[in-house]
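Welcome! Take a moment to look through the sequence and turn the structure around before reading on.

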Amino acid sequence: MRSAPWWALVSSGCAPVLLVGSWMIAQLCQGPAYDPATETLSVLASYGATSYWLMTGMLLVLGTCYVATAHALRQAAFPGRVALAGGGLAALALTLVPAPSSGGALEHGAVATAGLVLLAVWPPLAATRGGGPVPWGLRLDVSLAASALMFASALWFLAELQSARAPGVAERVVTFLQALWPFLVVLSCRRGIDPGPPG
């Protein structure tokens, strides 16, 4: 089985670093009026926000990273690669429908939800089924566990949005998990093949 190309480490590794770095800088730009625990990342990327251009640029690069990584992961099953690329396209589309400075936006919410779902379902869709050893990041059991963790954190985010207690914290957890997983999969594809549990 052919290894993922070296540049896949760059495209996948940049995603979590870029995401966290951008939101931390954007929070500083917004000043003390912005509460990262109770306010979402969409506030940082909304029209009129001090960090609008920073967060818009981050979404453009993040989406491109996801699409490039999906292209590079030739070991992964095709439906999973399509879902990962779709998550990247959703990130790109968010730049076209940013959240307004106040209130909600149906288009923004729909695109963000589609992206969250695609990035949560891609691990099991990408899992390699059939005989023979596969990289551990593409094993079905590992992929299902990763997907379940992402869905659980997404449900937590939805619950926090309803209660308005800490949606910012929950959103940061789910988006970081979804940005980190492609890097871990690429790393597993670069480091070798796991024969799986014995028996």
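How far is the sulfur of Cys14 from the closest cysteine sulfur, and in which residue does that sulfur sit? Keep in mind that this is a predicted model. The partner to look at is Cys65, whose sulfur lies 5.3 Å from that of Cys14. A disulfide needs two cysteine sulfur atoms within 2.5 Å, so this pair is too far apart for a bond. Cys65 is in no disulfide, and the structure as a whole holds zero of them.

How well are these cysteines covered? The table sets them beside Ala76, a residue we will meet again below.

| Residue | Relative accessibility | Class |
|---|---|---|
| Cys14 | 37% | partly exposed |
| Cys65 | 9% | buried |
| Ala76 | 7% | buried |

**The nonpolar cores**

Now look inside. The largest nonpolar core has 37 residues, and those touching the most other members are Leu44, Met55, Tyr66, Leu73, Leu84, Trp122 and Val185. At least two residues of this core come from each of helix H1 (6-30), helix H2 (41-44), H3, H4, helix H5 (106-126), helix H6 (140-163) and helix H7 (167-191). Which helix gives the most to this core? That is H3, with eight residues. There is also a second, separate core of five residues, with Leu116, Phe157, Ala170 and Val174 among them.

**Leu44 and Arg172**

Leu44 is a good residue to click on. Setting aside residues up to four places away in sequence, Leu44 touches a list of residues that includes Trp23, Ala26, Tyr52, Met55 and Arg172.

Let us follow that last contact. Arg172 is found in helix H7. Again leaving out neighbours within four places in sequence, Arg172 is in contact with Trp23, Gln27, Tyr34, Pro36, Glu39, Leu41 and Leu44. Is Arg172 buried or exposed, and which side chain of opposite charge is nearest? Arg172 is buried, and the nearest such side chain is that of Glu171, 4.8 Å away. A salt bridge requires a nitrogen-to-oxygen distance within 4 Å, and Arg172 has no salt bridge.

**Ala76 in its loop**

Finally, back to Ala76. Where does Ala76 sit? You will find Ala76 in the loop between helix H3 (52-72) and helix H4 (78-94). Ala76 counts as buried because its relative accessibility is 7%. Not counting residues up to four places away in sequence, Ala76 touches Arg81, Ala126 and Leu138. Trp122 is 46 residues from Ala76 along the chain, and their C-alpha atoms are separated by 9.9 Å.

Terms used: Residues numbered from 1 in each chain as written. Predicted model: local features only at pLDDT ≥ 70, side-chain atom pairs only at ≥ 80, totals over all residues. Heavy atoms only, no water. Helix = DSSP H or I, 4+ residues; strand = E, 2+ residues; numbered from the N terminus. Buried < 20%, exposed > 50% of the residue type's maximum accessible area, 1.4 Å probe, protein only. Contact = heavy atoms within 4.5 Å. Core = buried A, V, L, I, M, F, W, Y, C linked by side-chain atoms within 4.5 Å. Lys, Arg positive; Asp, Glu negative; His and termini not counted.
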